[in-house]
Amino acid sequence: MNNNGDTKIYRINSTRTNFIYTSDSPEEENIVYNRSGGCFISICRGISIFMGLLVFLFFLSFTIFFSTKYAYETKPNLTLGDFLNHRNFLIEKYAKIPKYIIPKQFHLVLHPRFDEERSNTTKDLARFTYMGFIYVTVVSKKSNNKRIEINVKNLKISSQDVSVYRSLTWTHLDFDDDPDFNSHEILYKYIVVQRNKRDLNSVNITKTDPNNAGEDLDSEESINNNETTSDTSSSSHTRNKTYFYPKFEKENFVPIKIVDVEMDEANDKFIIYLATDMAKDVYYVVKAKFYGNMTHDKGFYYTYYDDINDPAEAFDGNYTTSTKYFATTFLEPNNARRLFPCFDDHIFRTPFDITVSRREDMTTESSPDLEDKEVIIYDKLFIDEYNATTSMKASEIGLTISNMNPILYHIHNNLSIIFYTRNLYFKNTKFASIQIPKIVTIIEEYIDLKFSHSIIKYIAVPNSDIHLSEVKSGMIISSEMHIITNILGGNFTTYSHNYCLEQLCLHISKLYLQDYVNYKTREHLWLHDALSFYLQTTVLKNLNKTTQAEHLVLEDRLNAMREELNYKSTALQYFNQQHIDDKNYYDFIKRKGASVLRMIASTISESVLQNAIQKYFVKMRDQEYADFIECFNVTKIDCMHIPRGLNISEFIHRWISSEKYPIVNVQRINGSIILHQSSHTEDDDGSQKSLWNIPISFTNSTVKNYSSGFEYWLMEDNFTVIHNAYDKNDPSAWCLINNGFGYYRVNYDYDNWKAIVRQLRYDHNVFPYTTRAILIDDVLNLARMNLLNYTIAFDLLTYLVAKDELTLHPWLRYLLYVFYAILPLKLTPLNF
């Protein structure tokens with residue numbers, strides 16, 4: 001207590017705070033309290049402050065995330081709404097294998113069992129299953145790592161069948177110079193194996209006239225009889241009863257203790273936990289034994305079919321068939337994990353050694369050439385070992401095992417074709433053997449580079465889906481319906497010569513371009529895939545199949561523009577290997593890329609584009625890097641209709657880097673039309689996001705010239721006026737924009753739409769079928785985007801029935817839109 005004049009001040013000390021009051025005595029009821037210090041925050045207020053801090057940190061993390069370069073490199077179009085619902089993104093992220101474990105060399109051994117009886121070599125296998133071994137040499141680019149992750153799906157692996165060894169002698173000289181861990185070289189640099197392989201003498205292939213039916217060769221005798229096999233007793237390999245495998249000398253390898261193994265089925269991973277840390281830049285070997293089932297889908301595909309034993313019986317007509325078996329690999333884009341444990345990711349590329357066992361009556365074929373074969377007398381088992389491949393993804397290897405006999409067509413000194421097909425139908429491969437050399441010649445002349453393969457291996461898969469096809473290095477695995485023609489009677493369905501020719505052009509184009517694909521030019525990945533579609537139509541035109549080429553050009557453009565609205569990111573330049581896993585999106589990018597290339601060719605001329613493509617591939621061959629757009633800067637462009645000041649490189653770059661496509665709006669005024677552009681999608685708020693320099697083709701009801709090129713331009717910062725575009729005194733006069741090559745939609749004003757509708761009802765054949773299909777596709781999709789009244793769309797569609805439209809494409813555009821409209825109704829549950 002302190003005395004301050006007449007006032008007595010009492011202080012009460014507590015562990016929580018200090019209070020003071022002024023009064024005559026502490027017993028009085030009316031005491032006035034004053035705060036002199038301490039913490040006066042209540043529990044409720046403290047919780048409120050804490051929650052406020054959490055909310056602040058939460059939004060601060062969002063700001064940091066969206067401001068980092070990493071966020072936009074990983075997810076370039078990620079919005080706030082996407083991030084709040086990013087569960088799928090996180091699942092995809094954790095499903096990826098860490099990139100600091102790099103495979104350097106891969107040895108794959110496969111031993112399948114079909115319908116044969118159990119034996120000592122198949123005692124552990126049920127029918128139509130297989131077993132195998134992997135020997136993977138890996139290196140860790142990160143210290144203090146105790147786990148190795150490998151992609152596995154629907155395979156059985158036992159913990160006791162997994163081993164890990166540390167090498168004491170292998171160095172980078174046995175492989176390649178290790179890429180820098182923190183650089184993009186890990187993702188895009190080829191890993192070239194430098195170890196020694198046994199050299200083989202050249203194989204003498206018997207010449208066969210392609211105009212004859214072909215020469216039947218047994219793969220075990222005819223093809224390999226002239227082969228001089230080198231010494232198979234290599235110091236780096238040893239051989240047990242059945243398989244090759246690397247020889248692990250005790251003094252060269254130390255086994256690493258495995259603590260545990262885990263099968264992560266949700267992420268398709270097999271995880272090995274080690275007892276000790278993996279040393280950085282030291283080589284390890286992972287050995288694993290696995291079991292799998294053959295399937296009728298992706299992975300190790302198998303089927304059975306009826307066939308004759310001797311191809312000569314096919315000419316007689318009197319023959320008996322028996323059941324045969326066939327198995328092959330369909331691994332793209334990420335189904336190699338269904339066949340064997342692997343690093344099934346686009347960032348990993350490694351050389352592969354492939355060893356396959358087979359029965360005596362079966363043959364094997366793979367994308368690399370056969371290096372050696374050995375007969376295991378016991379159980380009459382054959383072992384085929386193939387040469388090491390170049391560095392490739394796991395999904396790029398190709399393998400087939402079947403009862404088929406190879407049919408060899410020797411075209412000329414630089415090209416031979418080996419068909420694997422049913423003996424019963426081998427004579428029906430003649431059409432393909434005649435067309436393939438023509439296709440190769442046309443592509444060589446267009447690209448101005450020689451075809452890199454002297455032998456094309458064509459595997460005709462029996463009973464497969466018509467859409468199943470994969471192109472490997474020097475090898476095509478495709479449905480037999482793509483090459484088998486002219487089969488009369490029976491239950492076998494064949495397609496026309498025109499359809500088979502389309503497929504052959506596409507497959508050979510992919511095979512040709514595959515050797516020039518380089519993943520260092522990430523911004524041009526779309527180009528490598530779109531060029532195969534572009535070359536397909538170019539080859540068809542050179543083969544005088546112009547109508548077929550027009551069909552494909554139209555389908556590519558219309559399908560790509562329809563799919564544009566289904567994806568958020570559609571810019572060609574931002575397409576990368578991660579998107580290949582989505583097959584529908586991958587197909588869309590290829591079709592859009594081919595359509596943009598055709599528009600560019602129609603704008604600056606086909607010869608200018610061809611010259612730029614030639615320069616691009618020459619640089620890819622010589623330097624392993626090229627910029628497609630820069631190739632136009634060194635190409636002379638002499639086009640009268642290109643406006644002054646237009647930079648061709650900028651024009652091309654804008655089309656491959658912009659999202660979606662433009663919409664050209666046409667307004668009629670006193671005989672003239674005014675053109676301006678907009679960009680609109682279903683999710684837009686009406687604001688323009690991108691503007692293009694648009695080439696414009698034009699015709700009207702007087703001229704009716706649908707083959708004219710791009711004579712006008714709609715620049716990004718201006719509008720275009722075409723004078724005397726139509727007869728203003730004729731209410732039925734119409735004008736038309738876009739001859740079919742422009743990758744944009746056109747929205748006319750009400751009067752011009754009505755004039756087009758009147759013309760279709762009166763005589764729809766005034767418009768080519770391609771124009772009619774484009775009009776239907778535009779009017780329905782513009783109405784779908786709320787840019788056009790559905791009344792106009794339905795008025796235009798009435799001509800289909802009124803004029804008995806007999807062409808497929810206009811009807812197909814209408815039916816596809818009906819399917820789009822009905823699908824949401826089918827997916828909506830009905831609640832009564």
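This report describes selected helices, strands and residue contacts in a predicted model.

## Basis and overall content

The model is predicted, so local features need pLDDT of at least 70 and side-chain atom pairs count only at pLDDT 80 or more, while totals for chains, interfaces and linings use all residues. Residues are numbered from 1 along each chain as its sequence is written, and side-chain values use heavy atoms, with hydrogens and water left out.

The secondary structure of the protein chain comes to 19 helices and 35 strands. Helices (H or I, at least four residues) and strands (E, at least two) are DSSP runs, numbered from the N terminus. Of the 832 residues in the protein chain, 52% count as buried. Buried means under 20% relative accessible area, exposed over 50%, and partly exposed in between, with a 1.4 Å probe and protein chains only. Among contacts (heavy atoms within 4.5 Å) in the protein chain between residues at least 6 apart in sequence, 70% join residues at least 24 apart.

## The four-stranded open sheet

Four strands, in the order 16-17-22-19, make up an open sheet with antiparallel pairing. Strand 16 (299-307) and strand 19 (363-366) are its edge strands, each pairing on one side only. From one strand to the next, the twist averages 15°; axes here are lines fitted to C-alpha atoms, for helices over the stretch in contact, and angles run from 0 to 180 degrees between N-to-C directions.

Two strands pair if DSSP finds at least two bridges between them. Strand 17 (residues 322-330) and strand 22 (residues 399-402) are joined by three bridges in the antiparallel sense. F326 has S402 of strand 22 as its bridge partner.

## Strands 28, 29 and 33

Strand 28 (residues 663-669) runs antiparallel to strand 29, and seven bridges join the two. V666 is bridged to L675 in strand 29. The hairpin of strand 28 and strand 29 has two residues between the strands, and N670 in this hairpin takes a positive phi near 50°.

Strand 29 (residues 672-678) is mostly covered, with five of its seven residues buried. Strand 29 also pairs with strand 33 (residues 720-722), in the antiparallel sense and over three bridges. Here L675 has T720 of strand 33 as its bridge partner. L675 is thus bridged to V666 and to T720. In a regular strand the side chains alternate between the two faces of the sheet.

## Helix 11 and its crossing with helix 12

Helix 11 (residues 583-604) has 22 residues, which at 1.5 Å a residue should span 32 Å; its end C-alpha atoms are 32 Å apart, in agreement. The expected span of a helix is 1.5 Å times one less than its number of residues. Helix 11 is mostly covered, as 17 of its 22 residues are buried. S605 follows helix 11 and has a positive phi, near 90°.

The axes of helix 11 and helix 12 (residues 606-623) come within 6 Å and cross at roughly 120°. That makes helix 11 oblique to helix 12, since angles under 35 degrees count as roughly parallel, over 145 as roughly antiparallel, 65 to 115 as roughly perpendicular and the rest as oblique. On helix 11 the contact is made by L597, I600, A601 and I604, and on helix 12 by E606, V608 and L609. By class, this contact has six nonpolar, no polar and one charged residues. Ala, Val, Leu, Ile, Met, Phe, Trp, Tyr, Cys and Pro count as nonpolar, Asp, Glu, Lys and Arg as charged, and the others, Gly among them, as polar.

## Helix 15 and its contacts

V757 is found in helix 15 (residues 750-763), and R761 lies in helix 15 as well. An α-helix has 3.6 residues a turn, so residues three or four places apart point the same way. V757 counts as buried because its relative accessibility is 3%, whereas R761 is partly exposed at 42%.

Leaving aside neighbours within four places in sequence, V757 is in contact with D795 and L796. On the same basis, R761 touches D795, T798, Y799 and K803. The C-alpha atoms of V757 and Y799 are separated by 8.0 Å, with their positions 42 residues apart along the chain. R761 and T798 are 37 residues apart in sequence and 7.9 Å apart in space, C-alpha to C-alpha.

## Helix 16

The 16 residues of helix 16 (residues 769-784) should span 22 Å at 1.5 Å a residue, and the end C-alpha atoms are 22 Å apart, which agrees. Helix 16 is mostly covered, with 16 of its 16 residues buried. Just after helix 16, N786 takes a positive phi of about 65°.
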